[in-house]
Amino acid sequence: MDEIFGIPAPLLFGQLLLGLINGAFYAMLSLGLAVIFGLLNIINFSHGAQFMMGAFVAWMLLHYLGIGYWWALILSPLLVGLTGVILERTMICRLYKLDHLYGLLLTFGISLIIEGIFRNQYGSSGMPYRIPTQLSGAWDLGFMFMPVYRGWVVVFALFTCITTWLVIEKTRLGAYLRAATENAPLVQAFGVNVPRMITLTYGAGVALAALAGVLAAPIYSVNPQMGTNLIIVVFAVVVIGGMGSILGSVLTGFGLGIVEGLTKVFYPEASATVIFIIMVIVLLARPAGLFGRA
Amino acid sequence: MQLSRRNMLAGAAATGALPLSLARAQAANTVRIGVMTDMSGMYRDNTGPTSVAAARESAAEFGASHGFRVEVIEADHQNRPDVGVNLARQWYDQGVDLIMDVPTSSVGLAVSGVAREKNKSYICVGSATADLTGAQCSPNTIHWAYDTYMLARSTGGATVRAGGDTWFFITADYAFGHALERDTSNFVRSAGGRVVGQVRTPFPGTTDFSSFLVQAQASRAKIIGLANAGADTQNCVKQAAEFGLTRRGIKLASLLLFVNDVHGLGLQTAQGLVCTESFYWDMNDKTRAWTQRMLRRIPTNYPNMIHAGCYSGALHFLKTVAAMGVPAAKASGLDLVNRMKAQPSDDDLFGKATIRADGRRIIPSYLFEVKTPAESTKPWDYYKLLQTTPAEEAFRPIGEGGCALVRS
């Protein structure tokens with residue numbers, strides 16, 4: 001059997017593919033964070049809790065109302081996005097003129113409250129959520145057994161990332177958003193309702209986190225801690241990509257997923273730290289991140 | 001007496017000091033149990049508030065007729081040894097007489113050291129590592145409900161006997177995972193089996209196990225031993241099903257699985273798994289009656305062997321304090337633990353059980369299989385009993401653990 005660095009080639013290809021799949025989650029989560037930071041200048045630390053809410057709302061829709069995965073893919077981001085809108089209108093909007101640190105502290109506090117509420121209500125053991133029947137099963141790729149659902153996650157995440165990038169970079173709405181970030185009073189003078197636009201942007205960023213949560217529900221344990229485990233890694237991804245750079249976060253998300261996957265083969269004990277080692281190196285060499293503007 | 005300013009001041013001082021001396025007298029007559037547990041992490045349902053409720057149930061049943069008050073306090077150690085050690089020092093210094101539960105083996109071992117240093121009592125229920133009664137045993141510690149050797153012997157032994165002779169371990173990279181992997185590997189090898197590989201996964205913080213499962217599959221082992229717990233085990237089981245490992249004849253040995261994990265996984269995913277516990281709520285009328293009492297305190301979480309252990313351990317502690325008298329019990333944790341070891345524990349959940357010199361409490365262990373959805377007829381009806389290991393065979397023989405207390 002062919003070997004690469006002492007590892008059988010089929011196993012290595014399998015790990016590359018799995019890394020890409022995990023990268024899809026990182027990309028989707030860091031995309032929401034980058035949108036919120038890039039356009040609102042808020043470091044949204046409650047992103048992990050909102051990811052968890054997305055998964056839990058999907059479970060609630062199924063458990064209490066019998067509404068399945070496909071509807072949850074639409075309804076859960078809408079509902080969680082709505083909570084984001086309320087949060088922005090009632091609390092976050094008061095912090096735009098203050099230092100970033102205030103936004104970070106507020107959203108960190110909010111995430112602790114949200115997770116605490118869910119923990120008290122539902123415990124920590126998690127809730128069962130099954131893969132939809134249309135996406136169950138697996139393909140035999142020769143070098144590994146590839147679950148259909150994981151393939152769906154990669155395709156859907158890519159589609160979402162590209163769509164979001166196109167909306168922000170290539171449409172009139174995106175142009176307004178970018179202009180409002182540079183000079184809000186001027187854009188407002190042209191008759192654009194900037195506060196409403198910012199509120200909806202935060203809601204959309206939160207909805208992206210919830211969407212990732214729904215995608216994660218069938219493969220990870222749906223529990224109140226599920227966001228905590230991911231959010232720190234995702235922040236590192238955003239920092240490496242360049243704070244606020246949408247394309248940077250997406251590419252870095254996929255790239256770091258692959259690096260992490262390879263670490264799981266060569267030195268599994270370091271798989272939780274490798275991303276932070278890369279972050280330190282990148283910050284030393286390029287403080288604005290790989291794709292950020294200094 | 002003349003009403004002078006001096007007399008009035010003395011009277012006021014004496015009146016002021018009265019509540020203080022009363023409080024001192026009350027503290028001297030109050031036995032305090034500190035339940036140190038995971039209130040906010042992945043082991044919360046397996047331990048957590050239900051462990052606290054179990055200790056409180058025990059104190060309530062013990063009653064106030066023994067001439068002393070019982071106070072149960074709680075704290076979250078966040079699964080971190082540094083937090084656990086600081087809490088233990090603070091509690092013991094503030095007059096806590098017994099610390100109990102303490103899940104997460106790295107924290108459990110660290111607290112054992114503090115109990116010894118402060119000459120206090122410690123009943124470890126939540127931690128699994130058999131090192132607590134082996135190389136790192138302490139005269140102030142009793143290990144109450146289960147350990148890694150018991151799990152390895154029961155689940156590991158049964159799996160090897162069923163033909164699973166080649167193993168690959170997915171191991172949580174901390175004291176518990178290492179101990180469970182070591183103990184199970186010993187059983188596999190002594191039964192003629194082989195360990196073909198293992199992977200150590202960072203704890204906490206690993207959510208995706210698919211890479212490790214694919215490595216396990218590539219090793220061509222018949223059995224994947226899950227030397228982890230809680231959400232890690234759940235994620236492994238879920239993802240193994242997703243990647244079709246179980247459909248292709250590879251079996252999972254969930255070396256530590258609680259009834260609460262089965263609830264989290266759902267029977268559709270968990271059916272057919274085998275696991276070992278020393279208690280199941282639906283074993284007999286007494287366990288069912290106790291569970292009903294517990295559900296009045298925590299309605300959403302059924303008790304497992306750790307919760308039952310917290311109840312049983314607290315009860316045995318209180319009975320021993322009543323027998324010794326509060327001043328003697330408070331004076332020396334070592335004397336108290338020796339007294340606890342000298343008499344068998346006896347309660348509705350475990351019956352009579354002896355405690356060995358190394359601190360190991362000896363009880364039977366039960367090998368269960370998770371039911372199919374069709375077999376389950378009521379809420380939390382998850383297990384069917386496959387096999388019982390008698391108390392005297394369930395744990396590591398006392399001479400083999402390397403405990404210094406035994407050699408002396």
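Q: What makes strand 6 (residues 166-172) of chain B and strand 8 (residues 223-227) of chain B a pair, and how many bridges join them?
A: In this predicted model, five bridges join strand 6 of chain B to strand 8 of chain B, and the two run parallel. Pairing requires at least two bridges between two strands, so strand 6 and strand 8 of chain B, with five, count as paired. Within this pairing, F168(B) has I224(B) in strand 8 of chain B as its bridge partner.

Q: Which strands of the open sheet with the order 7-6-8-9 in chain B are called edge strands, and what makes them so?
A: This sheet has four strands with parallel pairing, and its edges are formed by strand 7 (194-201) and strand 9 (251-254) of chain B, each of which pairs on one side only. On average, neighbouring strands of the sheet are turned by 20° against each other, direction ignored.

Q: What does helix 6 (residues 175-190) of chain B touch in this sheet, and what angle does its direction make with that of strand 6 of chain B?
A: Helix 6 of chain B packs on the sheet and touches strand 6, strand 7 and strand 8 of chain B, while its direction makes about 170° with that of strand 6 of chain B.

Q: Why is one side of strand 2 (69-76) and of strand 5 (141-143) of chain B left without a neighbour in the sheet?
A: These strands belong to an open sheet of five strands in chain B, with the order 2-1-3-4-5 and parallel pairing. Strand 2 and strand 5 of chain B stand at its edges and each has a single partner strand, so one side of each lacks a neighbour in the sheet.

Q: How do you know that strand 3 (residues 98-101) and strand 4 (residues 121-124) of chain B are paired, and how many bridges join them?
A: Four bridges join strand 3 of chain B to strand 4 of chain B, which run parallel; since at least two are required, the two strands count as a pair. In this pairing D101(B) stands opposite C124(B) of strand 4 of chain B.

Q: Why are helix 5 (residues 148-170) and helix 10 (residues 246-266) of chain A called roughly antiparallel?
A: Their axes come within 10 Å and cross at roughly 165°; angles over 145 degrees count as roughly antiparallel, and helix 5 and helix 10 of chain A are therefore described in that way. Helix 5 of chain A passes helix 10 of chain A in a left-handed crossing.

Q: Which residues make this contact between helix 5 and helix 10 of chain A, and how do they divide into nonpolar, polar and charged?
A: Helix 5 of chain A contributes C161(A), T164(A), W165(A) and I168(A), and helix 10 of chain A contributes I246(A), L247(A) and V250(A). The residues of the contact divide into six nonpolar, one polar and no charged.

Note on methods. Residues are numbered from 1 along each chain as its sequence is written. Chains are lettered from A and ligands numbered from 1 in the order in which they are written. This is a predicted model: local features need pLDDT of at least 70, side-chain atom pairs count only at pLDDT 80 or more; totals for chains, interfaces and linings use all residues. Axes are lines fitted to C-alpha atoms, for helices over the stretch in contact, and angles run from 0 to 180 degrees between N-to-C directions. Angles under 35 degrees count as roughly parallel, over 145 as roughly antiparallel, 65 to 115 as roughly perpendicular and the rest as oblique. A crossing is left-handed if the near helix is turned anticlockwise from the far one by less than a right angle, and right-handed if clockwise. Two residues are in contact if their C-beta atoms, placed from the backbone, lie within 7 Å. Ala, Val, Leu, Ile, Met, Phe, Trp, Tyr, Cys and Pro count as nonpolar, Asp, Glu, Lys and Arg as charged, and the others, Gly among them, as polar.
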